[in-house]
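Opening the notebook on a new model today. I want to go through the strands, the cores, a few single residues and the aromatic rings.

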Amino acid sequence: QEVSAVIPNRETGARQVRPFRWGLVPSWAKDPAIGNRMINARSETAATKPAFRTPLRERRCLVLADGFYEWKREGSRKQPYYIRLRDSQPFAFAGLWDQWQPPVGQPLETCTILTTTPNALVRQIHDRMPAILPPTAYDQWLDPVMRDVEPLQALLTPYSAEEMIAYLVSTRVNNPAYDSPDCINPAI
C-alpha cells in the first residue's frame, strides 16, 4: 500500500511530500518481500535492530494520516475501531524510510511507522499504538543533522489520550478489497 510521507530534500533541506510503499525494505535486503513484515517498528528497540538502526539515525519521515484502525479482541473475533484526533485534524506518525535497489529496475522507497506503548484511550483496545508526533517535534524529527538517537527516542511517547477519540466501525474494514470512505463511519 502506498502512503504519503514528508522528508527533507537532501539538497535544499525543504520538506517534500513523497509516496512510499508501506513496509520497510532495508537497503541491504535480498528480497523486497521482507517489507510485508515491517509495517511497524517498536520505538523502544528501533536503535538496535539492523533494519531500523540506520534509518533512525539518517532517514526519518513523517507519515501523514487523519486516523488509524486498531482491533480489540472480543472473544473469538476482533472488533475494529477508528482512532483520530478529537479535532479531526490530520497528524503525523513518526516514520523511518529506506531505499532498496533491485538488480534491475527503479529503486523502491519504503517506510515503516514507529509504535509505542498505548495511551489510556488506546490501551482499552490494543497494547501498542503508532507514535504520533506533535507539530512542535517535526523540526527535530526531520533534522538531517540530528543523528543522536536518544533525544529522538524521547519524542516517541504516547500521544495525549485527551486529544483523541475512538469509536467502533464496521467489520467491512477487515476486507482489504473493500476500500471505501465509509470504513471510518461509526458502526450503528
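My entries follow, topic by topic.

**Entry: the open sheet**

First thing to keep in mind: I am looking at a predicted model. I looked up the open sheet, which has three strands in the order β5-β6-β11, paired antiparallel. Which strands stand at the edges? They are β5 (68-74) and β11 (164-168); each has a single partner strand, so one side of each is left without a neighbour in the sheet. From one strand to the next the twist averages 30°.

I then checked how β6 (residues 77-85) is held to β11, and found five bridges between these antiparallel strands. For a landmark in that pairing I took Tyr81, which stands opposite Leu168 in β11.

**Entry: β1 and its partners**

Next I went to β1 (residues 2-8). Five of its seven residues are buried, so the strand is largely enclosed by the rest of the structure. I counted its bridges on both sides of the pairing list. Seven of them join β1 to β2 (residues 15-22), running antiparallel, and Val6 stands opposite Val17 there. Two join β1 to β4 (residues 60-65), also antiparallel, with Ala5 opposite Val63.

I had a look at the hairpin of β1 and β2 too. Six residues sit between the strands, and Gly13 takes a positive phi near 80°.

**Entry: nonpolar cores**

A general reminder to myself: in soluble globular proteins, nonpolar side chains tend to be buried together. The largest nonpolar core here has 27 residues, and the ones with the most contacts inside it are Phe52, Leu62, Ala94, Leu114, Leu133, Trp141 and Leu156. I asked which elements give two or more residues to this core. The list is α1 (50-58), β7 (91-100), α3 (138-142) and α4 (149-153). The largest share, four residues, comes from β7.

There is also a second, separate core of 22 residues, and I noted Tyr81, Ile113, Val122 and Met129 among its members. Tyr81 is the residue I had already marked opposite Leu168.

Back to Leu62 for its neighbours. Setting aside residues up to four places away in sequence, Leu62 touches Ser4, Ala5, Val6, Ala92, Phe93, Leu133, Tyr138, Trp141 and Leu142.

**Entry: three single residues**

Asp98 caught my eye, an acidic residue in strand β7. Is Asp98 buried or exposed? Its relative accessible area is 3%, and the cut-off for buried is under 20%, so Asp98 counts as buried. I looked for a polar partner and found Arg59, whose side chain makes a 3.2 Å polar contact with that of Asp98. Beyond four places in sequence, Asp98 touches residues including Leu24, Val25, Pro26, Ser27, Pro55 and Leu108.

Gln79, in strand β6, is buried as well, with a relative accessible area of 8%. I followed its side chain and it reaches the backbone oxygen of Val169 at 2.9 Å. Gln79 is also in contact with Glu70, Trp71, Lys72, Glu74, Leu168 and Thr171, again leaving aside neighbours within four places in sequence.

Pro151 is in helix α4 and counts as partly exposed, at 25% relative accessibility. Outside four places in sequence, Pro151 touches Gln140 and Met146. I also took its C-alpha distance to Ala41: 17 Å in space, with their positions 110 residues apart in sequence.

**Entry: aromatic rings**

How many aromatic pairs does a search of the whole structure find? Six. I wrote up two of them.

Phe68 and Phe93 form an edge-to-face pair, 5.9 Å centre to centre with 70° between the planes. Phe68 lies in β5 and Phe93 in β7, so this pair ties together parts that are 25 residues apart in sequence. Both phenylalanines are buried.

Tyr82 and Tyr167 have ring centres 5.9 Å apart and planes at 55°, so I logged the pair as tilted. Tyr82 lies in β6 and Tyr167 in β11, so here the tie is between parts 85 residues apart in sequence. Tyr82 and Tyr167 are both buried.

Last note: Tyr82 and Tyr167 belong to one aromatic cluster with Tyr69 and Trp71.

Key
Residues are numbered from 1 along each chain as its sequence is written. Side-chain values use heavy atoms; hydrogens and water are left out. Two strands pair if DSSP finds at least two bridges between them. Axes are lines fitted to C-alpha atoms, for helices over the stretch in contact, and angles run from 0 to 180 degrees between N-to-C directions. Buried means under 20% relative accessible area, exposed over 50%, partly exposed in between (1.4 Å probe, protein chains only). A nonpolar core is a set of buried Ala, Val, Leu, Ile, Met, Phe, Trp, Tyr and Cys residues joined through side-chain atoms within 4.5 Å. Contact means heavy atoms within 4.5 Å. A polar contact is a pair of N or O atoms within 3.5 Å; within protein, one must be able to donate a hydrogen and the other to accept it, and residues adjacent in sequence count only if both atoms are side-chain atoms. Rings of Phe, Tyr and Trp (its six-membered ring) pair if their centres lie within 6.5 Å; planes under 30 degrees apart count as stacked, over 60 as edge-to-face and the rest as tilted.
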